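The following exercises are to be worked through with the sequence and the three-dimensional structure at hand. Each task is followed by a solution in steps.

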Amino acid sequence: MTAPGTPLFRQLPAPADYAATVAAMAAHAAAIRAGTADEEIWLLEHHPVLTGGTSANSADLINPGNTPVHTTGRGGQWTWHGPGQRVAYVMLDLAARRPDVRAYVSALEGWIIDVLHGFGVEGQRREGHPGIWVDAGARMDKVAAIGVRISRWVTWHGVAVNLDPDLSAFDAIVPCGVTDGGVTSLRRLGVEADMDMLDAALQGSFAAHFPPATS
């Protein structure tokens, strides 16, 4: 065991089963709380799945078709996960860092904005709407989702960045309950990057927003 510093980043084999991954993540978060595991960040792609957070409205699940549907304990509403989207599950010990929920979410936002900036994309926060957005002229489009859970100051769940997913998959839901904006991807925004490049950017920008705990 080590003091909280730069977490271990793990690339999980794709595609990852959603329910099994959440169960493994819950177990790892519990081990962090027990002092028997270190902080980690898991980078992965899921099989196509629709997930509803603690604020999900059943009316926003429009047409799931054959896509599996899961309700989950993270914050937020409906979203889609699947190939072409990089999910980062962030497991940190906030008690040893900074036990402040708003500061943690703000740090996640700043992290993703920083990563996007490195690819020439200007991500923005949007008041009242979690996630990271880009200006699409007449509307704002979402390029990254944020949904977190914090159990006794250990974080789990995290962020999802749309690299090059099938954006039509989001037609099955009202994404995050937002009706006055769309969903976009780095590829649609003209970014020619692969998952390894995105992972490197995520890892490289992390410490600037989540500095190691000081003793």
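**Exercise 1.** Identify the backbone oxygen that the side chain of Thr-155 reaches, and describe the surroundings of this residue.

*Solution.* The structure is a predicted model.

Step 1. The side chain of Thr-155 lies 2.8 Å from the backbone oxygen of Val-90.

Step 2. A polar contact of 3.5 Å also links the side chain of Thr-155 to that of Tyr-104.

Step 3. Thr-155 belongs to strand β10, which comprises residues 154-162. Leaving aside residues up to four places away in sequence, Thr-155 touches Val-90, Met-91, Leu-92, Leu-94, Tyr-104, Arg-149 and Ile-150.

Step 4. The relative accessible area of Thr-155 is 0%. Buried means under 20%, and therefore Thr-155 is classed as buried.

**Exercise 2.** Determine whether the end-to-end distance of helix α2 agrees or disagrees with the expected span.

*Solution.*

Step 1. Helix α2 covers residues 101-118, a run of 18 residues.

Step 2. The expected span is 1.5 Å times one less than the number of residues, which gives 26 Å for α2.

Step 3. The end C-alpha atoms of α2 are 26 Å apart, so the distance agrees with the expectation.

Step 4. At the N-terminal end, Asp-100 acts as a cap, with a side-chain oxygen 3.1 Å from the backbone nitrogen of Arg-102. After the helix comes Gly-120, with a positive phi near 80°.

**Exercise 3.** Classify Gly-118 as buried or exposed.

*Solution.*

Step 1. Gly-118 is part of helix α2, and its relative accessibility is 66%.

Step 2. Exposed means over 50%; Gly-118 therefore counts as exposed.

Step 3. By contrast, the buried residues of α2 include Ala-103, Tyr-104, Trp-111 and Leu-116.

Step 4. Gly-118 and Leu-198 are 80 residues apart along the chain, and their C-alpha atoms are separated by 9.8 Å.

**Exercise 4.** State which element gives the most residues to the largest nonpolar core.

*Solution.*

Step 1. The largest nonpolar core contains 34 residues; among those with the most contacts inside it are Tyr-104, Leu-108, Trp-111 and Phe-210.

Step 2. Elements contributing two or more residues to this core include β2 (40-44), β6 (85-91), α2 and α3 (195-209).

Step 3. The greatest contribution to this core, eight residues, comes from α2.

Step 4. Phe-210 touches several residues, including Tyr-104, Ala-107, Leu-108 and Trp-111.

Step 5. Another core, of 17 residues, lies apart from the largest one, and Ala-31, Trp-42, Met-91 and Val-154 are among its members.

How values were computed. Residues are numbered from 1 along each chain as its sequence is written. This is a predicted model: local features need pLDDT of at least 70, side-chain atom pairs count only at pLDDT 80 or more; totals for chains, interfaces and linings use all residues. Side-chain values use heavy atoms; hydrogens and water are left out. Helices (H or I, at least four residues) and strands (E, at least two) are DSSP runs, numbered from the N terminus. Buried means under 20% relative accessible area, exposed over 50%, partly exposed in between (1.4 Å probe, protein chains only). A polar contact is a pair of N or O atoms within 3.5 Å; within protein, one must be able to donate a hydrogen and the other to accept it, and residues adjacent in sequence count only if both atoms are side-chain atoms. Contact means heavy atoms within 4.5 Å. A nonpolar core is a set of buried Ala, Val, Leu, Ile, Met, Phe, Trp, Tyr and Cys residues joined through side-chain atoms within 4.5 Å.
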